[in-house]
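User: Could you walk me through this protein model? I'd like to go from the sheet down to single residues.

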Amino acid sequence: MMGKSLAEKKGLKKLKTRETIKTVKQPIKRPFNDKPEMTKAAKKPRKKSDDKVANDSLLTSGHSLKELSNSVNQEEDIFREPSVFDNLLKALGSGSEKLATLYKKRQLEQEGRSDSEEDKIATFESASLSEEEDVGTGSVSESSLGDAEEDDLGEHGPADMLEQTEEDETGDEDGNSDAGDSQDLEISGQTILDEPESTSSFHRHLGHILTNEEVDELMKNKWKFKWELPAISMPVSRWAGTGDQVSMETNSDQNYGLMQKLYNHWLDIYKTSGFSDFDTSRQRFFFSLCSSYRDILHCNKKPFYLKGNEEDSSIMDAYIMHALNHVYKTRDLVIKSDAKLAKHQEGNKEEVLRGGTFLDQGFTRPKVMFILPLGSIALRVVKRLIQLTPISNKANVEHMDRFSEEFGTGDVEDDDEQKDGSSKSQKPAKPADFQILFGGNNNDHFMLGIKFTKRSIKLYSDFYSSDIIVASPLGLITKIGEAEVEKEKDVDYLSSIEVLIIDHADVITMQNWSHVNTLVEQLNRMPFNQHGTDVMRIRPWYLDGHAHFYRQTILLGSFLNPDMNALFNRLCVNHAGKVKSMTEYKGVLPKILLEVRQVYERFDAPSIAEADDARLDYFCKKVFPKIKDSIEGGIMLFISSYFEFVRIRNFLKSQNASFCLLGEYTKQSDISRARVWFFEGKRKIMLYTERAHFYHRYKIRGIQNLIIYSLPERKEFYPEIINMLDGSKNMMCNVLFSRFDHLRLERIVGTSAAKRMLSSDKNIFVFT
């Protein structure tokens with residue numbers, strides 16, 4: 001329950017000490033610490049000359065206490081809750097005379113009174129405190145809530161208490177069993193903040209406090225990749241990174257930073273699968289990259305549906321183990337802090353709380369997020385996550401039947417009938433990769449919370465009590481949109497995500513990449529509500545608004561495009577640095593089965609912002625006049641993006657050209673009609689988009705001349721489209737490109753050929 005607002009307590013001049021730790025429900029959504037810079041400033045002693053500034057800045061509302069007390073009988077909406085630091089001082093003041101005095105001094109400064117009046121205020125506070133203790137007897141502090149929930153694996157809040165009865169029965173028994181796994185959390189009685197640099201990367205990463213200079217440098221978004229390493233099992237690829245070079249040395253004695261039980265379980269599964277040399281394996285090395293807590297861009301991963309099951313599974317195992325390691329280490333750190341705080345309940349509370357050694361939590365519990373494009377891929381990842389969880393921690397997996405039913409393949413045929421107008425058995429044969437990728441649950445609108453306890457895994461847990469959130473971009477964007485419209489909803493569970501993993505980004509680009517940009521921008525924002533958070537244990541960099549500098553983003557896909565590059569460069573600002581894969585491509589021209597004359601025409605574009613206009617202008621002036629008066633017809637225009645598709649459609653309409661459309665939003669009945677018209681020559685030109693080909697993989701008949709207006713993102717589509725010229729009389733293909741198509745071009749013609757084509761003085765290049 002939320003505490004009552006100050007405006008509701010008319011006639012009272014002082015807030016109740018025990019209730020200040022709770023959030024005041026406000027009529028207007030506003031982060032409960034929307035001025036993080038005040039946190040640091042409030043901790044520094046100020047001169048009397050700064051009193052006027054303090055009056056305007058120390059309270060979140062921007063008013064002094066005197067002003068609030070004068071206006072308390074007016075409109076209630078003017079009140080906004082005090083800052084997190086003020087709440088913290090008042091909470092700590094209940095057990096500390098010094099801190100109580102400090103808070104009173106802050107009140108004096110805010111009210112504009114002199115230090116000479118402090119004695120009077122102290123007397124008044126002493127009397128009011130006695131009254132408040134009587135009133136607040138029934139309240140429970142957040143710290144005590146946390147201590148009561150020993151069986152939980154993460155931070156504690158009201159949502160967790162609903163499910164706590166069964167877990168408490170086994171909490172004490174399991175509490176001792178994990179002591180061996182948590183030995184690295186304490187050295188000589190000290191907590192994580194006192195550990196030396198030689199400890200695990202988990203502690204070093206989260207325990208590092210950024211300086212103002214480091215923050216300014218990170219805000220510049222300028223990254224210098226200083227070193228390179230060969231990529232294991234990828235002979236034409238290499239890793240490049242910022243900062244210190246990642247070590248290639250094996251350190252199995254240290255479990256590569258994994259908790260002992262996780263390491264042993266993973267090693268057993270690895271050996272059971274028939275492999276032997278774990279230390280030099282691809283998945284072990286990629287796990288080491290993940291455990292460095294750097295942002296990772298790996299967009300040359302061969303996906304499971306393109307005969308890359310072994311490589312894809314190795315990468316998936318590595319990032320799942322990293323996610324589990326992060327969740328369990330976070331859990332153990334909280335449990336140890338809970339145990340230490342419990343010992344000091346009757347001791348010197350002031351010294352314990354003032355030490356700053358129990359700052360081990362974020363605003364909310366969820367710490368890891370998986371962004372996946374399809375339900376079938378989510379099923380694959382979650383099942384593997386359960387397999388890689390140690391047996392002692394998954395004695396019970398709740399709601400597994402529901403998960404299998406909703407993410408399985410039970411309704412695939414019905415879904416196919418709805419989209420394509422025919423049953424699966426009536427469809428023509430599709431390529432093998434299409435059948436594997438779309439042979440399962442194609443739902444792209446889902447969101448799932450996963451909660452870990454010491455002996456069980458709970459699927460479909462409330463998001464605020466979850467450790468891991470698995471979502472599709474569309475599913476998460478829907479939640480964000482609902483929170484913007486409905487005041488009672490929020491997405492504060494995104495405020496404390498510390499590890500973000502986006503897998504199969506290449507498939508997401510075929511959906512809507514702008515959703516990814518939106519959701520990443522939404523992460524690590526100040527929450528609107530408190531959600532039962534113990535503010536005395538929040539890490540300082542959360543309060544400073546620096547959480548996005550500590551979030552690790554792992555971006556995985558089979559190819560790289562400018563949108564992915566932009567997200568990695570602009571929205572990934574991890575203080576640990578960056579690592580990315582770099583590849584030399586051989587091209588896919590040998591996969592073309594026909595002797596087709598491929599003419600590449602380079603057009604000039606002054607900038608990337610003007611590239612689309614330059615492409616359209618070149619087509620209108622150089623290409624269209626050649627096909628306008630064509631009698632033969634059978635001209636197919638292959639277009640990569642829907643935006644370009646619309647522009648070409650509008651241009652052809654203005655020219656009264658004979659054409660038909662086959663795009664991702666074209667109705668099934670219109671698609672069938674267009675294919676017949678094109679094959680019979682009733683329409684001379686067909687517009688065909690890459691996304692339409694991705695989702696349907698049509699084989700278009702009747703093509704006599706092929707014009708690739710923009711190269712496909714997916715390199716495997718290029719030979720498929722070219723091979724559709726089978727039966728053509730001309731065997732001719734024209735390709736338009738500019739220097740801003742370098743990433744697509746090198747995947748198709750090869751890296752070395754692409755460099756020559758982009759730097760040459762000539763503008764026409766022919767491949768046969």
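**The eleven-stranded sheet**

Analyst: Happy to! This is a predicted model. Eleven strands make up an open sheet with mixed pairing, and their order is 1-2-11-3-10-9-4-8-6-7-5.

User: Which strands are the edge strands of this sheet?

Analyst: An edge strand here pairs on one side only. That applies to two strands, one covering residues 227–230 and the other 396–398. They are strand 1 and strand 5.

User: How do strand 3 and strand 10 run, parallel or antiparallel?

Analyst: Strand 3 spans residues 295–298 and strand 10 spans residues 552–556. Three bridges join them. In one of these pairings, His298 has Leu556 as its bridge partner. The two strands run parallel.

User: Now a single residue: is Thr689 buried or exposed?

Analyst: Thr689 sits in strand 15, which covers residues 685–689. Its relative accessibility is 1%, and the cut-off for being buried is under 20%. Thr689 therefore counts as buried.

User: Which residues is Thr689 in contact with, leaving aside neighbours within four places in sequence?

Analyst: Two of the partners are glycine and glutamate, Gly663 and Glu664. Leu662 is also in contact with Thr689. Adding the rest, the list reads Phe638, Ile639, Phe645, Leu662, Gly663 and Glu664.

User: And for the whole protein, what share of contacts between residues at least 6 apart joins residues at least 24 apart?

Analyst: For background, the protein has 768 residues, 55% of them buried, with 31 helices and 18 strands. Counting contacts between residues at least 6 apart in sequence, the share joining residues at least 24 apart is 76%.

Note on methods. Residues numbered from 1 in each chain as written. Predicted model: local features only at pLDDT ≥ 70, side-chain atom pairs only at ≥ 80, totals over all residues. Heavy atoms only, no water. Helix = DSSP H or I, 4+ residues; strand = E, 2+ residues; numbered from the N terminus. Buried < 20%, exposed > 50% of the residue type's maximum accessible area, 1.4 Å probe, protein only. Contact = heavy atoms within 4.5 Å. Pairing = 2+ DSSP bridges.
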